[in-house]
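This report describes the fold and the ligand surroundings of one protein chain. The sequence and the coordinates are shown first.

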Amino acid sequence: MRRETMCIQAGYEPKNGESRMIPIIQSTTFKYDSSAAMGKLFDLEEEGYFYTRLQNPTNDMVAAKITALEGGTAGMLTSSGQAASFFSVFNIAGCGDHIISSSTIYGGTFNLFNVTMRRMGIDFTFLDPDCSDEELEAAFRPETKAVFGETIANPALVVFDIERWANAAHRHGVPLIVDNTFATPINCRPIEWGADIVTHSTTKYMDGHDATVGGSIVDGGKFDWMAHADKFPGLTTPDESYHGITYAEKFGMGGAFITKCTAQLMRDFGSIQAPMNAYLLNLGLESLAVRMPRHCSNAQQVAEFLQKHEKVAWVNYPGLPGNKYYERAKKYMPDGTCGVISFGVKGGRSAAEEFMKHLKVAMIATHVADAHSCVLHPANSTHRQLTDEELRAGGVSPDLIRFSCGIENVQDIIEDLDNALSFI
Ligand SMILES: *Cc1c(COP(=O)(O)O)cnc(C)c1O
């Protein structure tokens with residue numbers, strides 16, 4: 001299947017007389033004929049469902065669709081993108097371990113890593129994603145367990161050089177985790193470029209309609225945990241909470257990561273997506289391949305309009321020739337990047353606020369990357385907790401306006417911008 005078809009068909013194949021749409025299995029528990037049969041599930045001897053805190057059939061159908069789209073071997077849904085980012089790292093790193101992350105990542109991920117996960121005893125090194133090879137090499141330590149980056153950073157719009165970072169990670173025997181939220185698998189498949197684990201905030205383009213918060217994790221199935229057994233004891237030594245099974249042996253390269261993540265982290269944290277939300281997410285996924293090109297062409301036209309406007313100080317969009325990431329974006333995302341643009345207006349912070357007040361089509365919202373055009377001033381909202389220095393390291397200047405192009409008629413978006421700009 002090609003990706004347009006996968007969006008509609010992957011993950012669920014109804015049998016004779018079964019529902020056309022994926023069923024919503026709105027049930028906390030599942031019935032078994034004998035406790036021996038149920039015991040096999042608890043021992044991970046057999047596949048099946050016993051409690052929706054860990055796994056649910058509706059969620060698994062939707063996860064299977066995302067896994068197919070990313071070209072992975074196994075996948076799972078989480079309650080949010082934050083939960084996906086947390087699980088993707090915590091599944092292979094614990095107290096005393098170290099992670100290398102791109103510094104241009106989503107502000108929420110930065111806080112999760114830099115504050116909350118540090119409190120768990122995990123150390124992080126944040127590197128400029130365009131740092132020299134020497135700096136990147138020097139960041140690795142014996143206790144480094146993974147490398148993390150974002151395909152297109154929210155909101156800095158830095159395009160991550162996936163291949164280069166994957167090669168560095170693999171030279172040091174650790175996986176590369178890539179947050180592919182902004183590009184979506186329609187525009188970029190990180191696994192094809194060497195990424196091992198792909199995460200998403202499905203809240204954004206995948207759901208696409210401001211309806212549900214959610215996340216996903218997909219395993220590319222190419223990382224050989226056993227070849228680096230000493231680094232990943234959680235995958236390569238027996239788990240006593242499941243009668244001594246060893247994930248990497250029993251589930252192989254294709255299944256170990258997601259099985260452990262479900263069996264341990266979902267069991268213990270319960271960050272599960274509600275089946276109803278998974279159903280809504282699936283509706284969004286069905287039109288993802290149709291929506292993404294529209295987001296990209298709207299954003300391209302809006303970026304070109306802004307670039308020519310006398311009241312606009314600067315525009316950042318990887319689709320603009322002359323953008324620092326134009327060539328790299330063409331390599332990783334030949335069909336387009338995303339619908340998000342950032343720009344600054346002349347007059348800085350106060351002019352930005354005045355301009356935003358007059359927008360009518362684009363709404364001021366914390367949200368981004370969905371059907372409705374929306375606008376945000378990160379320094380005043382999502383990135384409020386960060387110091388100016390941290391802001392700049394994350395590629396966010398204090399005057400940066402993040403503009404997310406929806407799929408409305410592009411002329412209406414442009415006229416709205418033009419009108420609001422006339423007030424400053
Ligand atoms: C929004 C976002 C997240 C966090 O996702 P939630 O669903 O809001 O928890 C993570 N990464 C990126 C790139 C995002 O845009």
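Of the 14 residues around the ligand, which come nearest? In this predicted model, the residues that come nearest are Asn154, Asp179, Ser201, Thr203 and Lys204. For three of these, the computed separations between a polar side-chain atom and the ligand are listed below.

| Residue | Ligand atom | Distance |
|---|---|---|
| Asparagine 154 (side-chain N or O) | oxygen | 2.8 Å |
| Serine 201 (polar side-chain atom) | oxygen | 2.8 Å |
| Threonine 203 (polar side-chain atom) | oxygen | 2.6 Å |

**The sheet**

Seven strands form an open sheet with mixed pairing, in the order S1-S7-S6-S5-S4-S2-S3. At its edges lie strand S1 (74–78) and strand S3 (123–127), each of which pairs on one side only. From one strand to the next, the twist averages 20 degrees.

S1 runs antiparallel to strand S7 (residues 215–219), and five bridges join the two. Within this pairing, threonine 78 has glycine 215 of S7 as its bridge partner.

Strand S4 (144–150) has a parallel partner on either hand. Four bridges connect S2 and S4 in the parallel sense, and histidine 98 stands opposite threonine 144 of S4. The pairing of S4 with S5 is likewise parallel, over four bridges; here glycine 149 has valine 178 in S5 as its bridge partner. As for solvent exposure, S4 is mostly covered, with seven of its seven residues buried.

**Helices against the sheet**

Helix H7 (residues 162–171) lies across strand S2 (98–102), S3, S4 and strand S5 (176–179). Its direction makes an angle of about 150 degrees with that of S5. Together, S4, H7 and S5 make a β-α-β unit that is right-handed. Asp179, one of the residues that come nearest to the ligand, falls within the range of S5, 176–179.

Is helix H4 (residues 81–90) mostly covered or mostly open? H4 is mostly covered, as eight of its 10 residues are buried. The buried set consists of Gly81, Ala83, Ala84, Ser85, Phe86, Phe87, Ser88 and Val89. At the start of H4 there is also a polar contact: a side-chain oxygen of serine 80 comes to within 3.4 Å of the backbone nitrogen of glutamine 82.

How values were computed: Residues numbered from 1 in each chain as written. Predicted model: local features only at pLDDT ≥ 70, side-chain atom pairs only at ≥ 80, totals over all residues. Heavy atoms only, no water. Pairing = 2+ DSSP bridges. Axes fitted to C-alpha atoms, helices over the stretch in contact; angles between N-to-C directions. Contact = heavy atoms within 4.5 Å. Buried < 20%, exposed > 50% of the residue type's maximum accessible area, 1.4 Å probe, protein only. Polar contact = N/O pair within 3.5 Å; in protein donor to acceptor, adjacent residues only side chain to side chain. Right-handed = clockwise from strand over helix to strand, strands pointing away. Near = heavy atom within 4 Å.
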